[in-house]
Amino acid sequence: MPTATWWNLDEQKRDAIIQAALREFAAHNYAQSSLSAIVKSVGIAKGSIYQYFADKEELYLYTVKWAHDRLVQHLESTIPIAVLAHGDVFTILRHYLGSQLQLRTIVPTEHALIQRALIDSGPQRVLVQEICATMHTRFIEELVINGIANRSLK
């Protein structure tokens, strides 16, 4: 995804670019979003963004993955470890769904980007769905395995 130059940037500059991309992509669908608006917000030349990402699509997918990872971190941090370790499937699922409902208020821009990206009709939609499906599949698989192990599922 990003180039080596991206990883050589200081963390503060990378964060500024990601935050600007996050705001732009959350506010507009992929086709209407603008690299010019992103670089203007950060105060860098448009050509600079191409030192970090091959094109708009690469920045978009990186930003979607970044936002999705933030949502996952929030979800994982809100389910108590004791519930994960000893809870039955339905208790864990109840915590998980409750946490998902809170995402809109706790991480609103990330939530807005993911929601927009999942319904966008652009060609990136399939890749966005793959990014999002990976976490959900892993969570459900672990939930079922643990449920069978602790006999809360047959």
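**Exercise 1. Describe the largest pocket: its volume, its lining and the elements that supply it.**

Step 1. The largest pocket holds about 250 Å³ of space. The model is predicted: local features need pLDDT of at least 70, side-chain atom pairs count only at pLDDT 80 or more, and totals for chains, interfaces and linings use all residues. Residues are numbered from 1 along each chain as its sequence is written, and side-chain values use heavy atoms, with hydrogens and water left out.

A pocket is an open set of points on a 1 Å grid over the protein atoms alone, where a 1.4 Å probe fits, with protein on both sides within 12 Å along at least five of seven lines; lining residues have an atom within 4 Å of a point. Volume is the space filled by probe spheres set on the points, which are joined across faces, edges and corners.

Step 2. The lining has 16 residues, and Gln 100, Leu 103, His 111, Gln 115 and His 136 are the closest to the pocket centre.

Step 3. Helices α5 (56-78), α7 (89-106), α8 (108-119) and α9 (125-149) each give two or more residues to this lining. Helix α7 gives the most, with 5 residues. Helices are DSSP runs (H or I, at least four residues), numbered from the N terminus.

Step 4. Sort the lining by type: 10 nonpolar, 5 polar and 1 charged. Here Ala, Val, Leu, Ile, Met, Phe, Trp, Tyr, Cys and Pro count as nonpolar, Asp, Glu, Lys and Arg as charged, and the others, Gly among them, as polar.

**Exercise 2. Find the salt bridges in the whole structure.**

Step 1. The search finds 2 salt bridges (a side-chain nitrogen of Lys or Arg within 4 Å of a carboxyl oxygen of Asp or Glu).

Step 2. Asp 69 pairs with Lys 65, closest N and O atoms 3.0 Å apart. Both lie in helix α5, 4 residues apart, about one turn of the helix.

Step 3. Glu 110 pairs with Arg 70 at 3.6 Å, N to O. This pair links distant parts of the chain: Glu 110 sits in helix α8 and Arg 70 in helix α5, 40 residues apart.

Step 4. Check exposure. Glu 110 is buried at 6% relative accessible area, while Arg 70 is partly exposed at 32%. Buried means under 20% relative accessible area, exposed over 50%, partly exposed in between (1.4 Å probe, protein chains only).

**Exercise 3. Is Thr 63 buried or exposed, and what does Thr 63 touch?**

Step 1. Thr 63 lies in helix α5. Its relative accessible area is 0%, so Thr 63 is buried.

Step 2. Leaving out residues up to four places away in sequence, Thr 63 touches Ile 18, Ala 21, Leu 22, Phe 25 and Leu 113 (contact: heavy atoms within 4.5 Å).
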